[in-house]
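The following exercises concern the architecture of one protein chain. Each task is followed by a solution in steps.

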Amino acid sequence: MLSELGHPPRTVILGIGNVLMQDEGAGVHAVRAIAEQALGPGFEVVDGGTLGIELLPIIEDAGSLILIDAARFGGAPGDVRAFRGQELNGTYGGHVSPHQAGAADLIAVARLTGALPERCTLFGIAPLEIGFGLELSGPVAGALPALIEAVLAEARVFSEVPANA
């Protein structure tokens, strides 16, 4: 699949979260670190902050989407889990914070409008501390390098394997 300009569609790496609320900002901390790396053409790294469906224009023409966010999924603080396909439907059932209603809405609206890329992965990291503060908790900060590496590995796969392959 090629874009209208004749090159492969881009992969959007979107970090979501509130950096004023400790571990709730893990997704934003991750994309800020990823943005400092040379990913090459075809990637767009976006700090989505606490926005929800307002992010739809950013993802609607993406070939692939990688979301990064704090998520409660039963893991120990700092655990990282990738959610794909139908797993995305229930991921935000245990909201960490109010913004996740917006993130869930983004996924739902993108799916309903056909804007959600077929290749979509959410990397969730289990939080320890959600409260006012700028620093990540020890377990989440310690897991950030592994989270970033997992995201970059997924991005490499998306860039190497054409959609619908």
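**Exercise 1. Determine which residues of helix H4 are buried, what they pack against, and how the helix axis runs.**

Step 1. In H4, the buried residues are Val-140, Ala-143, Leu-144, Leu-147, Ile-148, Val-151, Leu-152, Glu-154, Ala-155 and Phe-158. Here buried means under 20% relative accessible area, exposed means over 50%, and partly exposed lies in between, with a 1.4 Å probe and protein chains only. Helices (H or I, at least four residues) and strands (E, at least two) are DSSP runs, numbered from the N terminus.

The model is predicted: local features need pLDDT of at least 70, side-chain atom pairs count only at pLDDT 80 or more, and totals for chains, interfaces and linings use all residues. Residues are numbered from 1 along each chain as its sequence is written, and side-chain values use heavy atoms, with hydrogens and water left out.

Step 2. An α-helix has 3.6 residues a turn, so residues three or four places apart point the same way.

Step 3. The partners of the buried H4 residues are S1, H1, S2, S3, strand S4 (80-84) and strand S5 (119-125). Contact means heavy atoms within 4.5 Å.

Step 4. Helix H4 covers residues 138-160, and its 23 residues should span 33 Å at 1.5 Å a residue; the end C-alpha atoms lie 34 Å apart, which agrees. The expected span is 1.5 Å times one less than the number of residues.

Step 5. At Leu-144, shortly before the proline Pro-145, H4 has a kink of about 40°. The bend at a residue is the angle between axes fitted to the seven residues ending there and the seven starting there.

**Exercise 2. Establish whether the residues on the two faces of strand S1 are buried or exposed, and identify the strands with which S1 pairs.**

Step 1. Strand S1 (residues 11-16) has 6 of its 6 residues buried, so it is largely enclosed by the rest of the structure. One side carries Thr-11, Ile-13 and Gly-15, the other Val-12, Leu-14 and Ile-16, and all are buried.

Step 2. S1 runs parallel to strand S2 (residues 43-49), joined by 6 bridges. Two strands pair if DSSP finds at least two bridges between them. Ile-16 is placed opposite Gly-49 in S2.

Step 3. Between S1 and S2 the chain passes through helix H1 (residues 26-35), giving a right-handed β-α-β crossover. Right-handed means that, with the strands pointing away from the viewer, the path from the first strand over the helix to the second runs clockwise.

Step 4. A parallel pairing over 5 bridges also connects S1 with strand S3 (residues 64-70); in it, Ile-13 has Ile-66 as its bridge partner.

Step 5. Within H1, Ala-26, Gly-27, Val-28, Ala-30, Val-31 and Ile-34 are buried, and they pack against S1, S2, S3, S5 and H4.

**Exercise 3. Characterise the surroundings and pairing of strand S5.**

Step 1. 7 of the 7 residues of S5 are buried, so this strand is largely enclosed by the rest of the structure. Arg-119, Thr-121, Phe-123 and Ile-125 point one way, Cys-120, Leu-122 and Gly-124 the other way.

Step 2. S3 and S5 run parallel and are joined by 7 bridges, with Ser-64 opposite Arg-119.

Step 3. S4 and S5, by contrast, pair in the antiparallel sense over 5 bridges; Ala-82 stands opposite Phe-123.

**Exercise 4. Examine the backbone and environment of Gln-22.**

Step 1. Most residues other than glycine have a negative phi, and most peptide bonds are trans.

Step 2. Gln-22 is not a glycine, yet its phi is positive, about 50°. The residue belongs to the loop between S1 and H1.

Step 3. Gln-22 counts as buried because its relative accessibility is 18%.

Step 4. Leaving aside residues up to four places away in sequence, Gln-22 touches Glu-129, Ile-130, Gly-131, Phe-132, Gly-133, Glu-135 and Leu-136.

**Exercise 5. Find how many aromatic pairs the whole structure holds, and describe the geometry.**

Step 1. The search of the whole structure returns 1 aromatic pair. Rings of Phe, Tyr and Trp (its six-membered ring) pair if their centres lie within 6.5 Å; planes under 30 degrees apart count as stacked, over 60 as edge-to-face and the rest as tilted.

Step 2. Phe-73 and Phe-83 form an edge-to-face pair, at 5.8 Å centre to centre and 70° between the planes.

Step 3. Phe-73 lies in the loop between S3 and S4 and Phe-83 in strand S4, 10 residues apart.

Step 4. Phe-73 counts as partly exposed because its relative accessibility is 22%, whereas Phe-83, at 4%, counts as buried.
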